[in-house]
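Visitor: I should like a close look at one part of this model, followed by an account of the surroundings in which that part is set. Please state the cut-offs behind each term as it arises.

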Amino acid sequence: MIHKTTVFLALLTLALSFCGCESNDPDWVSFNITFKAVYDGQPLEADKNYTYGNRTINFSRFSAYLSGISVYDGNESQSISEIEYIDFMAGGPNGVKKNFNAPPGNYKGLQIGFGVAPNLNNRKPADFPATHPLKENEYWIGWKSYIFTKVEGNYDTDGDGALESPITQHTGANEVYYEAKLLHDFTVEPNGDITVEFDLKKLFTFDGVLLDLSLVDNRVTSHTPSNLALGKKMIGNLNKAGILK
Amino acid sequence: MNQYRTSFSTTVRYPLLATAGLAICLLACRDPKNPITPEEGDLLNIAYNPVAYTIPKPAHFPQIPMPDSNKNTVDGIQLGRRLFYDPILSADSTMSCATCHGIEGSFTDNKRFSIGIDGIAGRRSSMSLLNVAYVADNGLFWDGRVKTLEQQSLKPVEDPIEMHNTWPNAVVKLRKHPEYPALFRKAFGITDSKEIDKYMAAKAIAQFERILISSGKSKYDQFRFEQKVDLFDEEEIDGMLMFFDEGGSSKLPDAQCFHCHGGITLTGGQYFNNGLDKVTDLNDFQDKGRGMITGNKNDNGKFRAPTLRNIVYSPPYMHDGRFNTLEEVLDHYSKNGNGVSNEDPFIRQIGFVIPGSNPVRHAGLNAYQKQAVIKFLHTLTDTAFINNPDIQNPFR
């Protein structure tokens, strides 16, 4: 009998560990979150040039893993997704709409983990089902880490109007992961919609000053795992670049 | 009598002759292997015992996507394998899926442009089907115009520059065939031949294509995932470090390959402009590739990055097969692109930074570096896959 109970508890623990914290509670309701990227308030579009200080910039890719997305009521957080991969530009300027379930009611904000939470990042693509966001596309064998965020594009370094300098800012590694709350009152109701918007100009702004993209080390972080400082700085700014609507 | 004879001729003899002629004609036209006309329930005497099939995969490979609506079974795969290699689906029974996706070429045809039954060349080179099960999510073909293997399998049969058939014709041939109805029965549980349709055929072919998975026994797999570190020589290690941008950037430059050809399968299945053509406007690409599907100008000139596993078996290279050798491919990437606005930004960062360049420019790869990357690409060769008896042509 003890043996059976032990086995049952072990199986239950295993099942719960795979379920994460999300619930299939029938009282929960379905609602949508649109993940959208803008630049200085304008919709972010590929092949469109934007002003960056007195220079020009464009973007071809902006993607991010967001872990442990939770609704926050002012006291507690309730997880609604273990992890999402958002390719912001894949959906065009209107962003990417995803469906979630949560207890209906009023909330003060969303809690979001920026990047891949270490408990997931320490695993390998082969550990995940084929439909899981961590299946493999963004796994970097060399780092033994997922690529948490990608910002790619081009920058006019010398001011001649030609966007000759590539931007390839990739971040990853457990050290750069962090969690934060985007605060804004909202209501979860059946088929309701909220928007999480990231402004890339704010992402590149530190203490009111734009990151100096004339420096190659500020444009390219894709293959410098030792350059955790910039990786931390950039992903750390996602919280400031994000707003909840 | 003559009158009687005339009357016999007009009322009896001509109809008899006509009937006999029709019978002779029907006998002559009928497939000699198929004396049976399908009837309702004609397959009920054949057992239907589907056995689920778990696709073998290397331990370090991701799990294989499989749709609930088409789970692999032993008999489904056997049927799919036969259909894949059988020219029966083409209008003149001369061309099969394997004509463009032959096992010797790691499921390509090693031609710049594939040739259909009418001798007409397509406009793109055939893609390898190795590990194709993993890329279906991101879209199939070079431009991602279909999302599933089941949808993809339907296309070449009716393509006028490929098999140039109609599915109704192909289905009639399958229904009347002496062996296929029984194989469809075993795979899908149909009770009579008339139930065979194009969707079943496509499902079976998709089941077979899903088992085209690497063996995981390439030199690279053994070196990297089984820690058999003595397998690589110095040049292969250098090539691998450059491929994955792990060279530390001081001794070895970054070749930037893995950004498009990353992950375990060495492709993320995503779409890139890899700097092949110089255009002044994104609408000027002769072959707009992904842009034709999305309607997004920024996708013009982008194509799906193919797997680099077994790349040695599958020349020529690129969507239009413009490069015959890996040397030509590496020469292309070492030119650092054309500066077209939607080119992948990594193209311009291949090789060491040119000292003093402002704006910063990269030098591409030198002769040793190119050769080292090519030598690394050879370590991705998977002969165990090519020799896997489960995926060979069953008609040989």
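Guide: What follows begins with one helix and then moves outward to its chain and its partner chain.

Residues are numbered from 1 along each chain as its sequence is written, while chains are lettered from A and ligands numbered from 1 in the order in which they are written. The model is predicted, and local features therefore need pLDDT of at least 70, side-chain atom pairs count only at pLDDT 80 or more, and totals for chains, interfaces and linings use all residues.

The part chosen is helix α2 of chain B, which covers residues 74-85. Helices (H or I, at least four residues) and strands (E, at least two) are DSSP runs, numbered from the N terminus. From the first C-alpha to the last, the twelve residues of α2(B) reach 17 Å, close to the 16 Å expected at 1.5 Å a residue; the expected span is 1.5 Å times one less than the number of residues.

α2(B) is largely enclosed by the rest of the structure, because ten of its twelve residues are buried. A residue is buried if 20 or more other C-beta atoms lie within 10 Å of its own, exposed if 12 or fewer, and partly exposed in between, with C-beta atoms placed from the backbone. The buried residues of α2(B) include the glycines G76(B) and G80(B), as well as I77(B), L79(B), L83(B), F84(B) and Y85(B). D75(B), R81(B) and R82(B) are also buried; under the classes used here, Asp, Glu, Lys and Arg count as charged, Ala, Val, Leu, Ile, Met, Phe, Trp, Tyr, Cys and Pro as nonpolar, and the others, Gly among them, as polar.

The cover over these buried residues includes three helices of chain B, namely α3 (97-100), α7 (180-188) and α8 (198-210). A201(B) lies in α8 and counts as buried because it has 24 C-beta neighbours inside 10 Å. Leaving aside neighbours within four places in sequence, A201(B) is in contact with L83(B) and L174(B), a contact being two residues whose C-beta atoms, placed from the backbone, lie within 7 Å. L83(B) is one of the buried residues of α2(B). L174(B) is 27 residues from A201(B) in sequence, and their C-alpha atoms are 9.2 Å apart in space.

The next level is the domain. Chain B is assigned domain 1 (68-214) and domain 2 (219-380), with bounds that come from an automatic or database domain assignment. The C-alpha centres of these two domains lie 30 Å apart, and 24 residues of domain 1 are in contact with 23 residues of domain 2. The side of domain 1 that touches domain 2 has six nonpolar, eleven polar and seven charged residues.

Chain B as a whole holds 14 helices and two strands. Of its 396 residues, 45% are buried. Among contacts in chain B with a separation of 6 or more, 65% join residues 24 or more positions apart.

Chain A presents six helices and 15 strands. Of its 245 residues, 38% count as buried. Strand β7(A) (residues 105-114) is joined to β4(A) (residues 55-72) by five bridges in the antiparallel sense, with V71(A) partnered by L110(A). Strands are said to pair if DSSP finds at least two bridges between them. β7(A) also pairs antiparallel with β11(A) (residues 178-188) over nine bridges, where G109(A) stands opposite L183(A).

The two chains meet where 27 residues of chain B are in contact with 29 residues of chain A. On the chain B side, these residues divide into twelve nonpolar, ten polar and five charged.

Confidence remains to be considered. The model scores ipTM 0.77 and pTM 0.84. The mean pLDDT, the predictor's confidence in each residue from 0 to 100, is 89 for chain B, where 89% of residues reach 70 or more. For chain A the mean is 85, and 88% of residues reach 70 or more. Residues 1-36 of chain B stay under 50 and have seven contacts beyond four places in sequence; in chain A, residues 5-21 stay under 50 and have three such contacts.
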